[in-house]
Structures are given as structure tokens and as C-alpha cells.
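Open the structure in your viewer, switch to a cartoon view, and keep the selection box handy. We will take a short walk through the strands, one stop at a time.

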Amino acid sequence: MEKFVIILYEQGKPLVEIVWNKDGLTITGGDTLPSHELKNKPPYELRIFIDRSLLEVFINNVSTITCWLDGYSVDEAILSAEKGTIDLEEIRIWRIKETE
């Protein structure tokens, strides 16, 4: 079965996992956020915003999750496809200057 995964990490430790396949989409985060399951069929338009400890996930232009990853700071994200391909239209990364 095709499966696509995005994992967000802090210093090598997985914080949040977003998994989608033909049956739907699941977002889990261990003790950092409650699980969320979407049974709509693909394709999905995912927008993921990470500002250190703030995570916002929009699925098909609807805010699905907004939460603080209290005590954590995302520093790496990995996207992978298992037994399939991902039609990735765009990735944008903005570096924001720290305020003094």
C-alpha cells in the first residue's frame, strides 16, 4: 500500500508524524499533541507552518491543528514515500530573523 510520511524532529527525537494513504490522513504526536484522523480521500493540500514550538496544519485550506509543542522546538523535517510517489508542487522555507 502506498504510504506518505512527514516526520518533524527536535535534535533527532521524533515529535510529530503525519501519515497519509488511500484511506485517509493521520497526525500523531505522542505526548505533544492529540491524534487527529481525517477519512477524506486524497488528494490533499497540506500546509504546515512551524515557528519553533508552534505547529499549524491546514488540510484542504481548513485549519486542522494549531498547537504549542510545549518545551520542544522543531529543527528538522523529513518527507518520505513508501511504495509510491508524491506529487509535490511546492516547498517554501522562510528564515525569520530573531528579534532583539
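Which residue in β7 does Glu56 stand opposite? Select Glu56 and look across: its counterpart in β7 is Thr66. Keep in mind along the way that this is a predicted model.

**Stop one: around Glu56**

Now widen the selection to residues 54-59, which make up strand β6. With β7, this strand forms an antiparallel pairing that runs over six bridges. Add β5 and you have an open sheet of three strands, ordered β5-β6-β7 and paired in the antiparallel sense. Colour 46-51 for β5 and 62-68 for β7: these are the edge strands, and each pairs on one side only. If you fit axes to the strands here, neighbours are turned by 10° against each other on average, direction ignored.

**Stop two: the five-stranded sheet**

Next, clear the selection and bring up the open sheet of five strands, whose order is β4-β3-β2-β1-β8, again with antiparallel pairing. Why is one side of β4 and of β8 left without a neighbour in the sheet? Select 36-38 for β4 and 76-82 for β8: both stand at the edges with a single partner strand each, so one side of each has no neighbour there. From one strand to the next, the twist in this sheet averages 10°.

**Stop three: β1 and β2**

Stay in the five-stranded sheet and select residues 3-10 for β1, then residues 13-21 for β2. Seven bridges join the two in an antiparallel pairing. To finish, show the side chains of Val5 and Val19: Val5 stands opposite Val19, which lies in β2.

Definitions and conventions: Residues numbered from 1 in each chain as written. Predicted model: local features only at pLDDT ≥ 70, side-chain atom pairs only at ≥ 80, totals over all residues. Heavy atoms only, no water. Pairing = 2+ DSSP bridges. Helix = DSSP H or I, 4+ residues; strand = E, 2+ residues; numbered from the N terminus. Axes fitted to C-alpha atoms, helices over the stretch in contact; angles between N-to-C directions.
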